[in-house]
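Colleague: I would love a close look at a single part here, please: the contact between the chains. Take your time, and bring in the surroundings where they help.

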Amino acid sequence: MKSQQSSKQKIRREKKTALLTEGRFLNILIGGEAGQGLQTVGTLFAKSFVRSGFSVHVTQTYESRVRGGHNTFSIRAGSEKVLAGQETIDILIALNEETVDLHRKKLTKHGLIIGDGEWKRKEKNWIGLPLKEFGEKIYWNTACVGVAAGLIGLDEKVVAKTIEDTFGKEHSEENWKILNVSYHWLKEQALEWEKLPANPKPAKRLMMTGHEAVALGALSAGLKFCAYYPMSPSTSIAQTLIDWAKDMDLVIEQAEDEIAAINMAIGASYAGAPSMVPTSGGGFALMVEAVSLAAITETPVVIVIGQRSGPATGLATRTEQGELGFVVHAGHGEFPRAVFAPGTIEECFHLTRKAFELAEKYQGPMFVLTDHFLADSYRDMERMDISKLSFIRPNDNSSSVKTPYLRYRITKNGISPRLLPGLSEHLVVVDSHEHMENGHMTENLFLRPKMVDKRLRKGDGIRSEVIPPDFQGDKKADLLLISWGSTRGAIEEAAVQLRAGKKKVATIHFSQVWPVVPDHFVKHLEQSKKVICVEGNATGQFAQLIRRETGFVVQKRISRYDGLPITPEYILRHLQM
Amino acid sequence: MVDIKDYGEYKTAWCPGCGNFPLLKAVKKALVKRGLEPHQVLFVAGIGQAAKAPHYLNANLFNGLHGRSVPVATGAKLANPNLVVIAESGDGCVYGEGGNHFLSAIRRNIDITLLVHNNQVYGLTKGQASPTSDQGFITKAQPEGVLQSPFNPLAIAIAMHAGFVARGYVGLEDPLVDVLVQAIGHRGFSLVDILQPCVSFNRVNTYPWYQDRCKPLPSSYDPTDWEAAIRLSQQWGDEIPVGVIYRNERPPFEDHFSALRKGPLVGQELDHGQLAKIIETYM
């Protein structure tokens, strides 16, 4: 107690203008090295926000190592929907001193730095905690979060409950103790800071990462089998499924390599288990031959590619949108496909479901393109009504087929009757060679074009179900920003800020990037004075795709390929250039 | 009662005299002996002349990619363990292109039967050396003779305690059928390496060459004796043992999955109540 008195902070903070009540946002960055538990405390901090009724958006950056290095976990919270991350920092929680040096320049005018009092920093916004007195070193991260949570007025009980749900009751005691000490310490200080408004939204919202949403979307779609080879950032999809495998009766197998993973998934799907393979660019490169196999055997399979910086190993734990061209074209031979690129957590859930539906209906490989940023980004979302969602039932109704059963019967829409092996007297014969209607291989050159055309006719169906891009704003805008995938939030928030400056700005987001239907969007491109494509790659892959499919030339691009996600500030800076 | 006629007779794309013919016949006989109906059986084939074999009988068939028959078979077995799954391909496909999958299938002990047509040469691509070609074997592509030592699939499989390891020879039909019947019946991973001549591209390992050397194991041989099996797996040359060389009773891979204790994955209902509970944990 004595020392707490002596360490009493002299800083008297002028009261901030109402940050959150005016619909603005608060950005908290937790920094430290791998192994300091910043992801754990960051997640529980973010969850405490959501449980207190706020919207959150988390951006994580980390190095490709298990210990050491410099990692960050940024939580942007707001009383209205948070669309994107933020580069400037309102509260910097430094779990090591290096974090202060690396990030202090990004602090906002009233921004605070919270860290270990022993560092004796000279910054005017420095809040040094007497951590040694608080408790054991392994709980210091909780203490720092406790002080920050207290400062902005999160209820200690909410944080404590989140601790319990994170660590379990038996492991919560020590964390609760230090949390309580930090809340008490804060009360002793003469610190004043903007408090959050009380519970602006119903608290019963979900919080999950993009890849958790992909995994849950797959579960709700009826996934039964997943094979994978660990690779950042997509291991998290398999891990989420593994966590629920017993509850949901799933078979999840860590394969010997990505080639095995996708071939297993195709085998499982052929035998009737809705299947998915999560991977990243390098792993997907190994899978490509089997993508073509799924196409010619007409076997449903969902492939999720979490993009990261390439080529080859590139930056293993950094984000990029560099695999668009690769995924749209992957696989030898000609066959139809759909490629989805979710831009929000909700889209991660629903578009993964959509990929499963299309895979089953059109009997082939379907793709979901995420990236490192979206994969790890925690966001809040509305609870969905699971009971209303349909799920996949592969066709095992053998009485519905004409006899003799022909797996590849040539039909008007190209969709042939898919039965499952072993469930009836009908034999299900599929082949990677060109084949006859009965599935056996053939070199009949008269039949060959008929089979190619049959498969390609399924593309017409896929095209008829394309999700049109989401256009927002003035139809005759001075500026139209294009996004696909995870850049959605950044362009939409940049547009909000530009409109606040009286600019006529529109946005168009593509959550399906293949196929694209020009009629859905070309008029928007043509009606806007200036069109800019914002994407996380160096060569403007989506701008090129638009040109190829529509003839429309996008005049300007905003690109990012330094491994970090595109932010609203990044877009605004580049618009000024 | 299932009859060999149920498995059909088809025209093939093989060379006259190919070792695949007696092999195909032995496989059909073994399926009939096990009393299996064609629709209960799933063949998964790779690519090569050997991998065409299941096109020439009646059964379910997934003819996949070169080297990848084993992972497809693994996935199908996990989705529906009621299927009798037989992966069938050649020595190049299984031991070369698919080597990693071969090792992993042994580790998993997945209940599939792997039939490897081993003619020690590549047929479909016209006569290059295969992983099992003997050192010094001369081909158009290896004019100085094969430089590498041959892959010994039996030794590898036994060293890794594979569930069931056998060698057959197409010129000894009854022992081959007997081995196939046992392999298909074995619960766990079964390897049957089947020696066969390639009449077009292998002028060394011919019918007479094998006929002089292949000798069925005596009935006194105990295939559960691992050390004896390891020793036997090294035997090649003047006398080549055929028969069941090693077996054990490791539980098959699919037994470990709680999801499969309720029956095949195929046809299982989605448990909406359970899923709703899972979603709650994200609140």
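Modeller: Gladly; I will start with the contact and then work outward from it.

This is a predicted model, in which local features need pLDDT of at least 70 and side-chain atom pairs count only at pLDDT 80 or more, while totals for chains, interfaces and linings use all residues. Residues are numbered from 1 along each chain as its sequence is written, and chains are lettered from A and ligands numbered from 1 in the order in which they are written.

Chain A brings 60 residues to the contact and chain B brings 48; two residues are in contact if their C-beta atoms, placed from the backbone, lie within 7 Å. On the side of chain A that touches chain B, at least two residues come from each of β7 (206-209), α8 (210-221), β8 (225-228), α9 (235-248), β9 (251-254), α10 (258-270), α11 (281-297) and β15 (429-431). These names follow DSSP runs numbered from the N terminus, with helices being H or I of at least four residues and strands E of at least two. The most is given by α10(A), with 9 residues. By type, this side of chain A divides into 34 nonpolar, 13 polar and 13 charged residues; here Ala, Val, Leu, Ile, Met, Phe, Trp, Tyr, Cys and Pro count as nonpolar, Asp, Glu, Lys and Arg as charged, and the others, Gly among them, as polar.

The backbones meet here too. β15(A) pairs with β2 (residues 60-63) of chain B in the parallel sense, over 3 bridges, and V430(A) has F62(B) as its bridge partner. Two strands pair if DSSP finds at least two bridges between them.

Now for the loop that leads up to β15. I386(A) sits in the loop between β14 (378-381) and β15 of chain A. Leaving out residues up to four places away in sequence, I386(A) touches S220(A) in its own chain and H272(B), L275(B), A276(B) and I279(B) across the contact. I386(A) counts as partly exposed because it has 19 C-beta neighbours inside 10 Å; a residue is buried if 20 or more other C-beta atoms, placed from the backbone, lie within 10 Å of its own, exposed if 12 or fewer, and partly exposed in between.

At the other end of that loop, β14(A) pairs with β7(A) in the antiparallel sense over 4 bridges, with T209(A) facing Y378(A) as its bridge partner. Along β7(A), L206(A) and M208(A) point one way while M207(A) and T209(A) point the other, and all are buried.

Another two of the contributing strands, β8 and β9, belong to an open sheet of 7 strands in chain A, in the order β9-β8-β10-β11-β13-β12-β19 and with mixed pairing. β9 and β19 (512-514) are its edge strands, each pairing on one side only. Inside this sheet, β12 (residues 339-340) and β13 (residues 365-371) of chain A pair in the parallel sense over 2 bridges, where V339(A) has F367(A) as its partner.

The loops beside these elements hold some backbone details worth a look. Between β8 and α9 of chain A lies P233(A), joined to S232(A) by a cis peptide bond with omega of about 0°. Between α9 and β9 comes D249(A), with a positive phi near 55° in a residue other than glycine. D249(A) counts as buried because it has 21 C-beta neighbours inside 10 Å.

Stepping back, nonpolar side chains tend to be buried together in soluble globular proteins. In this model, the largest nonpolar core has 243 residues, of which I93(A), I114(A) and A76(B) touch the most other members. Such a core is a set of buried Ala, Val, Leu, Ile, Met, Phe, Trp, Tyr and Cys residues joined through C-beta atoms within 7 Å. Beyond its neighbours within four places in sequence, I114(A) is in contact with several residues, including I91(A), L129(A), C144(A) and V147(A). As for chain A overall, it has 19 helices and 21 strands, and 54% of its 577 residues count as buried.
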